[in-house]
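Subject: Structure handover

Hello,

I am passing the structure below on to you. My notes on it follow, grouped by topic.

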Amino acid sequence: MRHLVPAAVLAAILASLVQALLSPPLHTGDETAHLDYAYQVWTGHLPVFEDGLVLAPEAGSVPPVQWAAQHPPLYYLVLAPVVGPLVEGGHVIGAVYAARGLNVLGAGLLVLVAAWAARRAFPASPLLAPVTALVVGTTAWVARVGGSGYNDIFAALLTTWLLGLAAGVVRSGLTWPRAAGLVVVSALCLGTRLHTMVMVGVLVAAVLAGVLLRTAGPPGVRGATVRGDAVRAIVVALGVPAAVAATSGWFYLRNVALTGSITGGHPDWAAENLDRVIRPVPEVLADAGFWVQLLAVFGHDRLPDAAVVLLLLVVPAALAVVAGVRAARDVRLPAAGRADVLLLVTGATAVAATLAMQLVYTAGGGSPHPRYLLPVIGILAMLVAQGLLSTGRRLSWAAGLWCAVPLIDQAIWIAVSAPRYAGPWPDGSLSVPGAWLAWGLACVAVAVAVTNRDPDRTYRR
């Protein structure tokens, strides 16, 4: 399985390309709002919820308000030089596909960063990184958002990058370049989406905890190195909030001024116009439908969400837990290091906090979209990958079967979507065959990777 990472990158790009080719331009109000935001930034303005959209496309879904205005502008600053000239030249559809093209490349880059983060987190498990890449590369919502003009892929890329930086600190200590990276990437995260603050807070806390553990470590690691770590930890602890305040604090203050809340949301408008319902948190907590919908991050909505959650998340997670318990109870294996424990606790905390945030958001009238879990996709992918690795020498079969579910789900989505295609080619003569070709190539890439086994490879659990 030597070619898993490049195959996973290729699979992510191709699967995202399927979404980009087959989805009608501006087929959702969200995509139209994101494109409009980028165009308004190009013209030197920031959107306002009540003012609606500047763009008035002849076709597509146009929301009555600018409901993307609550997001900070970093992603749109990146998108504006691509979208702006095309819109001004009258090529709105071209602007849509240009925005999607950037996200397609972003999906491939996300796979690379996820593999790097897994390698930094658990270097003793050499197969974890490539299998994590495979999981991310075939995740349905990575493809769906990667082939759409949304800001979620950009946010997931940044939080996964931050995860790798934090893992490196926990493993190897806090150097000045790592401290600078933590401060900068944290600021970039909060400049993209507010809910990335969960990952930023948890990972910075893990870095500080890692420094404390090194300080309390054996005498051999004490001294100038540890004192330097402590100084740099203080810089990170103070520098992250300072950098966030300096770079995007003004925007969140703007949200407060315009809407009365830092989130910039409009729950009253949503309840009146989008049939959103405000419910007590305990009621949402007990709602199985909420959990199934939110956790279906690996599905395309064509296979039943419950089956997708069970097959692609619950079963691999259970296998990973069982394997971990067995390893911990085996006296022949060394006890887990403090860094391992800290990283496991950090991952569990980040996922739990993200779920809690979505619980509160849904109770307040929000919708539990699976894409809201993309900031923790690196952690979820490592968990699933460890479950697949627990199958030992049956890994090729396990990985192949796991990938088959989202790929088949996407095939069903293509078959259902193709007859009603409404893209720039009226009859879909180019886009539909292109989507099937991209899907087929993605399947071939995955199949070649999981069957190309190195007989000398040791499968570590």
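**Aromatic rings**

Tyr-37, Tyr-75, Tyr-76 and Phe-154 are linked by ring pairs into a cluster. Please keep in mind that this is a predicted model.

The search of the whole structure turned up 11 aromatic pairs. One of them is the pair of Tyr-37 and Tyr-76, which is stacked, at 3.7 Å centre to centre and with 5° between the planes. Tyr-37 belongs to helix α2 (residues 29-42) and Tyr-76 to helix α3 (residues 74-88), so this pair ties together parts that are 39 residues apart in sequence. Tyr-37 and Tyr-76 are both buried.

Phe-290 and Trp-291 also pair: their ring centres are 4.8 Å apart and their planes stand at 70°, so the pair is edge-to-face. The two residues can be set side by side for burial. Phe-290 has 2% relative accessibility and therefore counts as buried. Trp-291 has a relative accessible area of 22% and is partly exposed.

Two arginines sit over rings. Arg-100 lies over the face of Tyr-97, 5.3 Å from the ring centre. Arg-144 lies over the face of Trp-141, and there the value is 4.2 Å from the ring centre.

**Asn-103 and its surroundings**

Tyr-75, a member of the ring cluster, comes up again here. The side chains of Tyr-75 and Asn-103 are joined by a polar contact of 3.5 Å. Asn-103 is placed in helix α4 (residues 92-121). Its relative accessibility is 4%, so Asn-103 counts as buried.

The side chain of Asn-103 also reaches the backbone oxygen of Ser-148, at 2.5 Å. What else is Asn-103 in contact with, leaving aside its neighbours within four places in sequence? The list is Tyr-75, Val-145, Gly-146, Ser-148, Gly-149, Tyr-150 and Ile-153.

**Salt bridges**

The count of salt bridges comes to eight. Three of them are described here.

Arg-193 and Asp-152 meet through their side chains in a salt bridge, at 3.5 Å from N to O. Arg-193 lies in the loop between α8 (176-190) and α9 (197-215), while Asp-152 lies in helix α7 (residues 152-172), so the pair ties together parts that are 41 residues apart in sequence. Arg-193 and Asp-152 are both buried.

Another salt bridge is formed by the side chains of Asp-340 and Arg-171, at 2.4 Å from N to O. This pair links distant parts of the chain, with Asp-340 in helix α15 (residues 338-363) and Arg-171 in helix α7, 169 residues apart. Are these two residues buried or partly exposed? Asp-340 is at 22% relative accessibility and so counts as partly exposed. Arg-171, with a relative accessible area of 26%, is partly exposed.

In the salt bridge of Glu-283 with Arg-279, the closest N and O atoms are 3.9 Å apart. Glu-283 has a relative accessible area of 42%, which means that it is partly exposed. Arg-279, at 22% relative accessibility, counts as partly exposed.

Beyond single pairs, salt bridges that share partners join Asp-30, Asp-152, Arg-193 and Arg-371 into one network. The buried pair of Arg-193 and Asp-152 is therefore part of that network.

**Helix α16**

Helix α16 covers residues 377-389, which makes 13 residues. From its first C-alpha to its last, α16 reaches 18 Å, close to the 18 Å expected at 1.5 Å a residue.

Where does α16 sit with respect to the rest of the structure? Of its 13 residues, 12 are buried, so α16 is largely enclosed by the rest of the structure. The buried residues of α16 are Ile-377, Gly-378, Ile-379, Leu-380, Ala-381, Met-382, Val-384, Ala-385, Gln-386, Gly-387, Leu-388 and Leu-389.

**A backbone detail**

Leu-26 is not a glycine, yet it has a positive phi of about 55°. Leu-26 is found in the loop between α1 (4-22) and α2. Its relative accessibility is 1%, so Leu-26 counts as buried.

Regards

Terms used:
Residues are numbered from 1 along each chain as its sequence is written. This is a predicted model: local features need pLDDT of at least 70, side-chain atom pairs count only at pLDDT 80 or more; totals for chains, interfaces and linings use all residues. Side-chain values use heavy atoms; hydrogens and water are left out. Helices (H or I, at least four residues) and strands (E, at least two) are DSSP runs, numbered from the N terminus. The expected span of a helix is 1.5 Å times one less than its number of residues. Buried means under 20% relative accessible area, exposed over 50%, partly exposed in between (1.4 Å probe, protein chains only). Rings of Phe, Tyr and Trp (its six-membered ring) pair if their centres lie within 6.5 Å; planes under 30 degrees apart count as stacked, over 60 as edge-to-face and the rest as tilted. A charge sits over a ring if NZ of Lys or CZ of Arg is within 6 Å of the ring centre and within 35 degrees of the ring normal. A polar contact is a pair of N or O atoms within 3.5 Å; within protein, one must be able to donate a hydrogen and the other to accept it, and residues adjacent in sequence count only if both atoms are side-chain atoms. Contact means heavy atoms within 4.5 Å. A salt bridge is a side-chain nitrogen of Lys or Arg within 4 Å of a carboxyl oxygen of Asp or Glu.
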